[in-house]
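User: I'm new to this structure, and I'd like a close look at a single part of it. Please pick one piece, tell me how it sits among its surroundings, and then lead me outward from there.

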Amino acid sequence: MRRLRLRRAPGRPLERLSSRPARFLAATAAATVLSLTASGCVTVHGELALLPPATKTEAAQALADFTTAYNKADKAYDPALDAGRVTGPLGEVNQAGLRARSINTPGGNPDHKPLALTDARFVLPRKAGWPRWFVADTASNRSSGDQRWLLVFVRNGPEQLWEVAYLTILSRSAVPEFAEEEGYAVPVAADTDALAVAPRDLGKEYVAYLKDGRPGPFAPGTHTTEWRAQRQKAAKRPGMATQYIDRVTDQGDFAPLGLRTRDGGALVFFATRYFERQTAAKGYRPKVGADTKALLTGEIKNTVTREWVSSQAVLVKPAGTDRNGVTVASRLQGVVGAEGS
């Protein structure tokens with residue numbers, strides 16, 4: 001048997017643009033097979049070829065499709081209307097929020113303002129196999145002019161829709177410059193030893209830090225030292241004991257995803273889950289907001305436990321940085337469940 005491998009397509013530079021959909025993987029493989037002649041058996045290893053996740057026009061269409069679905073769901077407060085366009089940590093938070101608001105405001109969103117994502121730049125990392133993913137770096141009418149929305153689109157097979165797994169909001173100056181190879185962004189392997197912390201270990205390290213504050217890879221800041229201080233203050237509030245339990249969440253569409261930056265480090269997206277348990281003094285009940293109450297199971301007697309999903313975007317320095325090698329640049333979280341007892 002003669003075995004042939006797909007050749008890599010020439011690279012193209014990252015650009016800003018917007019446009020329309022296409023599916024190219026099957027066509028690329030078919031064209032390669034048709035262009036080759038050989039006697040006997042031919043095997044094409046498409047799963048080993050380095051391919052871009054999408055064309056620029058396909059990425060632009062995925063962004064447009066997400067925005068359309070998001071706006072329909074937000075206007076109607078109907079999670080089914082964008083369920084096929086969100087996944088991972090963003091998907092869980094989005095769907096829980098829409099479920100809650102559909103209960104509290106069954107007639108839809110009276111204050112709906114359509115989301116507009118403009119000035120899009122698509123960061124397309126070339127890789128082999130599935131899942132494939134890319135980042136849309138956009139401006140938003142929901143933020144100030146200096147802020148950028150980074151949406152991470154994920155696709156697990158050629159027949160699946162593009163879905164947004166992570167959303168990060170950064171100032172323009174905080175968005176790093178990404179490394180390129182042959183015009184494409186460079187993904188970071190989950191188990192790489194070229195970074196201060198491998199992407200697959202970030203969730204474990206973050207959970208451990210939030211638990212005991214031990215010296216380690218995380219730089220001081222809003223989402224590390226200040227976040228722990230806020231938790232400690234809440235735990236000591238008179239009449240209300242608050243406990244936190246953090247969990248690593250890194251499977252499936254919650255898996256960490258990273259892009260190499262020009263300084264040799266990486267921008268990595270990862271998720272965690274935590275439980276916030278509040279227990280009131282005898283004779284009192286913890287208060288909950290309307291959205292949390294809509295997601296509540298059980299009855300609040302003196303305790304309520306909220307379940308949160310949290311997504312982080314971190315800047316990771318190259319290997320060899322023992323302390324402060326990871327800066328948490330952004331953290332977005334939302335309640336996805338609650339239980340009373």
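Analyst: **Strand S6 and beyond**

Seven of the nine residues of strand S6 (residues 163–171) are buried, so the rest of the structure largely encloses this strand. Buried here means under 20% relative accessible area, while exposed means over 50% and partly exposed lies in between (1.4 Å probe, protein chains only). Strands are DSSP runs of E with at least two residues, numbered from the N terminus.

A word on the background: this is a predicted model, where local features need pLDDT of at least 70, side-chain atom pairs count only at pLDDT 80 or more, and totals for chains, interfaces and linings use all residues. Residues are numbered from 1 along each chain as its sequence is written, and side-chain values use heavy atoms, leaving out hydrogens and water.

Now for the partner of S6. Strand S5 (residues 147–155) runs antiparallel to S6, and eight bridges join the two; strands pair if DSSP finds at least two bridges between them. One of these links matches Gln-147 with Ser-171 in S6.

Stepping outward, we reach the largest nonpolar core, which has 44 residues; Val-135, Val-152, Leu-202, Phe-269 and Val-314 touch the most other members. Strand S11 (residues 266–280) supplies the largest share of this core, seven residues. Such a core is a set of buried Ala, Val, Leu, Ile, Met, Phe, Trp, Tyr and Cys residues joined through side-chain atoms within 4.5 Å. A second, separate core has 23 residues, among them Ala-59, Leu-124, Trp-162 and Tyr-184.

Notes
Helix = DSSP H or I, 4+ residues; strand = E, 2+ residues; numbered from the N terminus.
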